Amino acid sequence: MKIAILSRNAKLYSTRRLMEAGEQRGHEMVVLDHLKCVLVIEQGRPHIFYSDKEIKGVDAVIPRIGSSVTFYGTAVVRQFEMMKIFTAVESQALVRSRDKLRSLQILARAGIGMPKTAFASTPKDIDNIIKQVGGAPVVIKLLEGTQGIGVILTETHKAAKSVIEAFLELDANILVQEFIKESKGADIRAFVVDGQVVGAMRRQALEGEFRSNLHRGGKATLIQLTPEEKATALLSAKKLGLAIAGVDMLQSDRGPLVMEVNSSPGLEGIEGATKVDIASKIIEYVERNEFQ
Ligand SMILES: Nc1ncnc2c1ncn2[C@@H]1O[C@H](COP(=O)(O)OP(=O)(O)OP(=O)(O)O)[C@@H](O)[C@H]1O
Ligand SMILES: [Mg+2]
């Protein structure tokens, strides 16, 4: 098969590992930078140009779309779909997973546990927003944030109120969330491929820090998920329509609580912690679907 990885940088760990795993399994692997794809839309014949050459002969694509280029990235994925080429992540699911509010609404409707969360766009009634998620301490998150940046723990009602006020004044999109104290600065990431949890890790924050992001100095270790955690991860991926997903959960007194479902989860942390060849699991998934 000829498999294209949509990635902005061929040197990234995840991209390199997918290339390696695909080549090992006898496929022709190429990296396409989605921002360099020119989409040509015409009646009956959607096609894509890449550096002045029309893309031909690709059997499947594996999208690795960063959150800063979701709009154009998903348009490229959609164009491959129009060309009837199998994509490991559907464009619709990609868009859905990038919208935190919409994702949480879908997961909540499915009965999946999550920290109590409130969204608001008006600086009025902030007291009620804080009250609705159980009162201080609360976690305030910038919707555009990533790697732990823009995630703030406010200990008191007063602090929470000023931070929310400031963000809303700046027209920033935020959510206000119940602080899950008992997770003690740790979260778990379950890596789902095609209806199976292929690896799971626990990330523990540095001493004195509540954010467990590896970019914030968090440490990842292998973890055995409980049946409930496994079921929660699988159902979350399924409800969002993601065949490949990184499901982030907090362990709480009332069971696993989903914080987020990532549609382009990185391979470095999870392969390092679990020693599982997850790249090959992804290639095998693509192989099973090529002719469907
Ligand atoms: N409600 C919460 N209660 C306790 N800890 C939390 C809560 N929300 C987030 N955290 C901690 O903060 C970390 C960062 O939060 P989150 O994953 O929501 O943001 P992010 O990593 O910046 O964004 P993204 O995951 O979208 O890239 C989590 O991994 C977790 O350790
Ligand atoms: Mg996160």
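Q: Which strands does α2 lie across, and at what angle does α2 run to β3?
A: In this predicted model, α2 lies across β3 and β4, and its direction makes about 55 degrees with β3.

Q: What makes β3 and β5 edge strands of their sheet?
A: The open sheet of three strands has the order β3-β4-β5, and its pairing is antiparallel. Because β3 (37–40) and β5 (53–54) each have a single partner strand, one side of each is left without a neighbour in the sheet, and they stand at the edges.

Q: How do you know that β3 and β4 pair?
A: Two strands pair if at least two bridges are found between them, and β3 is joined to strand β4 (residues 47–50) over four bridges in the antiparallel sense. Within this pairing, L39 has I48 in β4 as its bridge partner.

Q: What is the strand order of the open sheet of four strands, and which strands are its edge strands?
A: The order is β2-β1-β6-β7, with parallel pairing. The edge strands are β2 (28–32) and β7, each of which pairs on one side only.

Q: How do you know that β1 and β6 pair, and in which sense do they run?
A: Four bridges join strand β1 (residues 2–6) to strand β6 (residues 60–63), whereas pairing asks for at least two; the two strands run parallel. A4 has V61 in β6 as its bridge partner.

Q: Which strands of this sheet do helices α1 and α2 touch?
A: Helix α1 (residues 13–24) packs on the sheet and touches β1, β2 and β6, its direction making about 160 degrees with that of β2. Helix α2 also packs on the sheet, where it touches β1, β2, β6 and β7, and its direction makes about 160 degrees with that of β1.

Q: Why is the largest nonpolar core said to lie between domain 1 and domain 3?
A: The largest nonpolar core has 42 residues, and those with the most contacts inside it are I55, F80, V247 and V261. Helix α2 (residues 70–82) gives the most to this core, with four residues. Domain 1 (2–92) and domain 3 (182–287) both give residues to the core, so it lies between them.

Q: What does V247 touch beyond residues up to four places away in sequence?
A: V247 touches I188, R189, A190, V192, A233, S236, V258, E260 and V261. Apart from the largest core lies another core, of 25 residues, including I62, F86, A243 and I283.

Q: Why is the pair of F86 and Y285 called edge-to-face?
A: The structure holds two aromatic pairs. One of them is formed by F86 and Y285, whose centres are 5.7 Å apart, with 65 degrees between the planes; a pair needs centres within 6.5 Å and an edge-to-face pair needs planes over 60 degrees apart, so both conditions are met. This pair links distant parts of the chain, F86 in strand β7 (residues 86–87) and Y285 in helix α9 (residues 278–289), 199 residues apart.

Q: Why do F86 and Y285 count as buried?
A: Buried means under 20% relative accessible area. F86, at 17%, therefore counts as buried, and so does Y285, at 7%.

Q: What makes the pair of F179 and F210 edge-to-face?
A: The planes of F179 and F210 make 80 degrees, against a cut-off of over 60, and the centres are 6.0 Å apart, against a limit of 6.5 Å, so the pair is edge-to-face. F179 lies in the loop between β11 (174–178) and β12 (186–193), and F210 in the loop between β13 (196–204) and β14 (219–222), 31 residues apart.

Q: Why is neither F179 nor F210 called buried?
A: The relative accessibility of F179 is 22%, which is not under the 20% cut-off and not over 50%, so F179 counts as partly exposed. F210, with a relative accessible area of 24%, is likewise partly exposed.

Q: How do you know that β13 pairs with both β12 and β14?
A: Pairing asks for at least two bridges. β12 and β13 pair over eight bridges in the antiparallel sense, with V192 opposite V197 in β13. Four bridges join β13 to β14, which run antiparallel, and M201 has L222 in β14 as its bridge partner.

Q: Why is T232 called buried?
A: T232, in helix α7 (residues 227–239), has a relative accessible area of 11%, under the 20% cut-off, so T232 is buried. Leaving aside neighbours within four places in sequence, T232 is in contact with I112, M249, P256 and V258.

Conventions. Residues numbered from 1 in each chain as written. Chains lettered and ligands numbered in written order. Predicted model: local features only at pLDDT ≥ 70, side-chain atom pairs only at ≥ 80, totals over all residues. Heavy atoms only, no water. Core = buried A, V, L, I, M, F, W, Y, C linked by side-chain atoms within 4.5 Å. Buried < 20%, exposed > 50% of the residue type's maximum accessible area, 1.4 Å probe, protein only. Domains from an automatic or database assignment. Contact = heavy atoms within 4.5 Å. Phe/Tyr/Trp six-rings, centres within 6.5 Å; stacked < 30°, edge-to-face > 60°. Axes fitted to C-alpha atoms, helices over the stretch in contact; angles between N-to-C directions.
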